[in-house]
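Visitor: I would like to understand the labels people attach to a model like this one. Could you take me through the reasoning behind them?

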Amino acid sequence: SLMRVMLPGFFFMSFYYFYFSYFYCRGKPEVVTGILLITAIIKIMLSLILIPKFGVQGASFSTLVTYSISGFIFILVFLKYSGESLKTAFFITNEDLRYILSHLPIKRRND
């Protein structure tokens, strides 16, 4: 089905939602705008080529490719700006757990 074709693209495009806030909070809204502009240009070009030839399947494939490219660009640009490694950017580390636990409102007994 068409949704199965587009599903991986939705996964990669979800990175947009994560990194959108990061770049805006860092005072870099132009990064988001630039990535979305690149994505829009690719989407238009692919749609003009694929939809006339393949119809809705072409549109689905265009969406998959465009969202995937957008997600990868967001990941790469985030890694460049943040200085994070892939491991620390995508996996919970011991440092993350310590930070979270230190900020939980846990009542401690007085001994």
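Guide: Gladly. Let's start with Q57, which lies in helix 3; bear in mind that this is a predicted model.

Visitor: Why is Q57 called partly exposed?

Guide: The relative accessible area of Q57 is 49%. Buried means under 20% and exposed means over 50%, with partly exposed in between, so Q57 at 49% is partly exposed.

Visitor: How far is Q57 from F74 in sequence and in space?

Guide: They are 17 residues apart in sequence, and their C-alpha atoms are 26 Å apart in space.

Visitor: Now M13, please. Why is M13 called buried?

Guide: M13 is found in helix 1. The relative accessible area of M13 is 15%, and the cut-off for buried is under 20%, so M13 counts as buried.

Visitor: Which residues is M13 in contact with, leaving aside neighbours within four places in sequence?

Guide: Those partners are L36, Y67 and S70. Contact here requires heavy atoms within 4.5 Å. As for G83, it is 70 residues from M13 in sequence and 21 Å away, C-alpha to C-alpha.

Visitor: What makes up the largest nonpolar core, and which residues have the most contacts inside it?

Guide: That core has 15 residues, and Y19, F23, F74 and F78 have the most contacts inside it. Two or more core residues come from each of helix 1 (2-25), helix 2 (29-54) and helix 3 (56-82). Helix 1 gives the most, with seven residues.

Visitor: What does F78 touch, not counting residues up to four places away in sequence?

Guide: F78 touches Y19, Y22, F23, G83, E84 and A89.

Visitor: Let's step back to the chain. How do you know how its radius of gyration compares with that of a compact globule?

Guide: The globule rule is 2.2 Å times the number of residues to the power 0.38. For 111 residues this puts a compact globule near 13 Å, but the protein chain has 19 Å. Along its principal axes, the C-alpha trace spans about 75 × 35 × 20 Å.

Visitor: And how many helices and strands does the protein chain have?

Guide: There are five helices and zero strands, giving the pattern α-α-α-α-α along the sequence.

Visitor: What share of the residues is buried, and what supplies the exposed area?

Guide: Buried residues make up 28% of the 111. The protein chain exposes about 8300 Å², and carbon and sulfur atoms supply 68% of it.

Visitor: What share of the contacts with a separation of 6 or more links residues 24 or more positions apart?

Guide: Such pairs account for 62% of those contacts.

How values were computed: Residues numbered from 1 in each chain as written. Predicted model: local features only at pLDDT ≥ 70, side-chain atom pairs only at ≥ 80, totals over all residues. Heavy atoms only, no water. Helix = DSSP H or I, 4+ residues; strand = E, 2+ residues; numbered from the N terminus. Buried < 20%, exposed > 50% of the residue type's maximum accessible area, 1.4 Å probe, protein only. Areas by Shrake-Rupley, 256 points an atom, 1.4 Å probe, with all protein chains shown as cover. Core = buried A, V, L, I, M, F, W, Y, C linked by side-chain atoms within 4.5 Å.
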